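This briefing goes through one protein chain, topic by topic. Please keep the sequence and the 3D view open while reading.

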Amino acid sequence: MPDSGYPWPIETTRLDNGLRVVVSEDRTAPAVAVNLWYDVGSRHEPTGQTGFAHLFEHLMFEGSVNVAKTEHMKLIQGSGGSLNATTNPDRTNYFETVPAEHLELALWLEADRMGGLVPALTQETLDNQREVVKNERRQRYENVPYGDAWLRLLPLLYPPGHPYHHATIGSMADLNAADLATFQDFHRTYYAPNNAVLTVVGDAAAAEVFALADKYFGALPARDDIPPAPDGRSVPATGRPAVEAVTTDVPAPRAYVAHRTYPFGSPGYDVLTVLATVLGSGRGSRLYQRLADGERIAQPDLVGAYGVDLAHAPAPLIATATARPGVSAERLAAGLAEVVDELTTVPVTAAELDRAKALLSTAWWRQMSTVDGRADTLGRYATQFGDPAKAAERLPAWLAVTAEQIAEAAAEVLAADDRVTLTYLPEETP
């Protein structure tokens with residue numbers, strides 16, 4: 001495939017109620033992906049309502065006016081389709097991939113739960129899904145080694161009151177304290193057509209999708225008073241590093257070194273994306289070569305670096321490694337910091353740059369190779385940047401990054417005096 005970004009057609013419209021509809025026709029196979037992005041994530045949650053956006057990811061599968069509990073899933077899977085939903089700090093999205101002849105079914109189901117969840121939401125359903133979320137928190141964060149690292153890193157990276165200070169899973173105290181009416185109000189506020197983008201990619205013409213979208217979503221009322229998310233673009237530098245050490249039941253010491261960088265979608269974050277790939281992607285990366293292969297202080301399969309694609313604040317770059325036997329957490333964290341610091345003093349070579357760009361190109365085209373991957377990407381760019389066609393800019397932007405830009409970015413945002421270091425130490429065995 002060419003490196004031009006997005007070689008498929010994109011057509012858009014906006015319904016009278018504000019719903020944006022994006023269509024990318026692709027007749028390669030008789031399947032369609034339906035992806036609905038709502039502009040609500042944990043960064044939108046008011047004080048005392050943390051975890052609400054994620055809870056609604058669960059509640060939206062529990063029935064609406066014309067669809068019984070769990071029937072949405074049964075109908076899609078019974079038609080040969082697949083479905084899921086995810087929540088992050090910036091958004092919540094719901095998606096299905098179905099045979100093309102079932103496009104209308106998928107659109108009807110999504111419209112029914114956009115406009116008809118609140119009348120069908122009962123106290124029993126709410127209580128049941130609250131317990132599901134609590135169990136998810138235990139399984140994913142609390143009862144697995146290093147599982148709460150993200151919960152600990154966010155408050156170290158972003159101060160109290162910042163919209164990214166808390167994790168998407170939220171506070172169990174907030175979820176327990178809220179009554180049914182509070183949850184109903186949250187849905188009415190954010191699950192509105194003018195706060196969503198509907199994307200359809202695959203074996204369907206734009207005119208057909210636009211007509212079906214108007215048929216099923218067109219009568220849903222817009223919400224005129226959707227509150228804006230708090231502004232998280234500014235995070236004052238403290239001038240001193242943040243350090244936290246956790247002693248708990250883990251098999252080996254682990255260290256995380258994190259920095260606030262640039263918002264996803266900005267030119268700076270494009271540079272950081274290439275930087276992170278040079279730093280920590282695979283066996284050819286600097287972290288692997290130095291800490292796993294060279295000094296042999298990190299376990300080979302447990303070392304790496306990555307950026308977190310947050311679009312409305314300085315997004316984190318995180319480097320992490322897990323120690324080999326006999327290596328302390330302090331030595332490991334120092335090794336991570338040394339390799340990060342060298343990005344400003346040891347120039348990235350042409351071979352490192354070529355390797356990083358090849359890895360990113362492969363990842364991009366892997367995402368673009370499926371209708372569901374393309375639908376999610378177009379929904380993201382329409383929601384976060386106002387134009388799905390801007391997706392075509394991402395890969396060329398990565399490919400244009402230079403070694404000089406990487407060194408400049410490292411000097412600007414990876415300073416040691418504004419670094420977050422989180423370490424895990426095993427409990428001592430009696």
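How many bridges join strand 3 to strand 5, and in which sense do these strands run? Strand 3 and strand 5 run antiparallel and are joined by eight bridges. The model is a predicted one. The points below start with the chain as a whole, then take its two sheets, one helix and one loop residue.

**The chain as a whole**

- The secondary structure of the chain amounts to 15 helices and 11 strands.
- The radius of gyration is 23 Å, close to the 22 Å that the globule rule gives for 430 residues, so the chain is as compact as a globular protein of that length.
- The C-alpha trace spans about 60 × 55 × 40 Å along its principal axes.
- Of the 430 residues in the chain, 55% are buried.
- Among the contacts with a separation of 6 or more, 81% are between residues 24 or more positions apart.
- The chain exposes about 17,800 Å², and carbon and sulfur atoms supply 52% of that area.

**The six-stranded sheet**

- This sheet is open, with its six strands in the order 1-2-6-3-5-4 and with mixed pairing.
- Strand 1 (11–14) and strand 4 (82–87) are at the edges with a single partner strand each, so one side of each has no neighbour in the sheet.
- From one strand to the next, the twist averages 15 degrees.
- Strand 2 (residues 20–25) pairs with strand 6 (residues 196–202) in the parallel sense, over six bridges. In this pairing, Ser 24 stands opposite Val 201 of strand 6.
- Helix 13 (residues 371–385) packs on the sheet and touches strand 2, strand 3 (31–38), strand 5 and strand 6. The direction of helix 13 makes about 150 degrees with that of strand 6.
- Where strand 3 meets strand 5, Ala 31 stands opposite Pro 99 of strand 5.

**Strand 5 and its surroundings**

- Six of the eight residues of strand 5 are buried, so this strand is largely enclosed by the rest of the structure.
- Strand 4 pairs with strand 5 in the antiparallel sense over six bridges, and a hairpin of four residues joins strand 4 to strand 5.
- Thr 86 has Asn 93 in strand 5 as its bridge partner.
- Helix 2 (residues 71–78) lies across strand 4 and strand 5 (92–99), and runs at about 135 degrees to strand 4.

**The five-stranded sheet**

- A sheet of five strands, also open, has the order 7-11-8-10-9 and mixed pairing.
- At its edges are strand 7 (242–248) and strand 9 (298–307); each has a single partner strand, so one side of each is left without a neighbour in the sheet.
- Direction ignored, neighbouring strands of this sheet are turned by 10 degrees against each other on average.
- Strand 8 and strand 10 (residues 316–323) are paired in the antiparallel sense over seven bridges. His 259 has Leu 317 in strand 10 as its bridge partner.
- Helix 5 (residues 149–157) packs on this sheet, where it touches strand 7, strand 8, strand 10 and strand 11 (420–426). The direction of helix 5 makes about 150 degrees with that of strand 11.
- Helix 9 also packs on the sheet, touching strand 9 and strand 10, and its direction makes about 175 degrees with that of strand 9.

**Helix 15**

- Which residues of helix 15 (residues 403–413) are buried? They are Ala 403, Ile 406, Ala 409, Ala 410 and Val 413.
- These buried residues cover an arc of only 125 degrees around the axis, which puts them on the same side of helix 15.
- An α-helix has 3.6 residues a turn, so residues three or four places apart point the same way.
- The buried residues of helix 15 pack against strand 8 (254–260), helix 9 (267–280) and helix 12 (350–368).
- Exposed residues Glu 404, Glu 408, Ala 411 and Glu 412 are on the face of helix 15 turned away from its buried side.

**Ile 297**

- Ile 297 is in the loop between helix 10 (286–294) and strand 9.
- Is Ile 297 buried or exposed? Ile 297 has a relative accessible area of 8%, which is under 20%, so it counts as buried.
- Leaving aside neighbours within four places in sequence, the contacts of Ile 297 are Leu 291, Thr 322, Ala 323, Arg 324, Val 327, Arg 331, Leu 332 and Gly 335.
- One of these, Val 327, is 30 residues from Ile 297 in sequence and 6.1 Å from it in space, C-alpha to C-alpha.

How values were computed
Residues numbered from 1 in each chain as written. Predicted model: local features only at pLDDT ≥ 70, side-chain atom pairs only at ≥ 80, totals over all residues. Heavy atoms only, no water. Pairing = 2+ DSSP bridges. Helix = DSSP H or I, 4+ residues; strand = E, 2+ residues; numbered from the N terminus. Axes fitted to C-alpha atoms, helices over the stretch in contact; angles between N-to-C directions. Contact = heavy atoms within 4.5 Å. Rg over C-alpha atoms; globule rule 2.2 N^0.38 Å. Buried < 20%, exposed > 50% of the residue type's maximum accessible area, 1.4 Å probe, protein only. Areas by Shrake-Rupley, 256 points an atom, 1.4 Å probe, with all protein chains shown as cover. Arc of directions from axis to C-beta.
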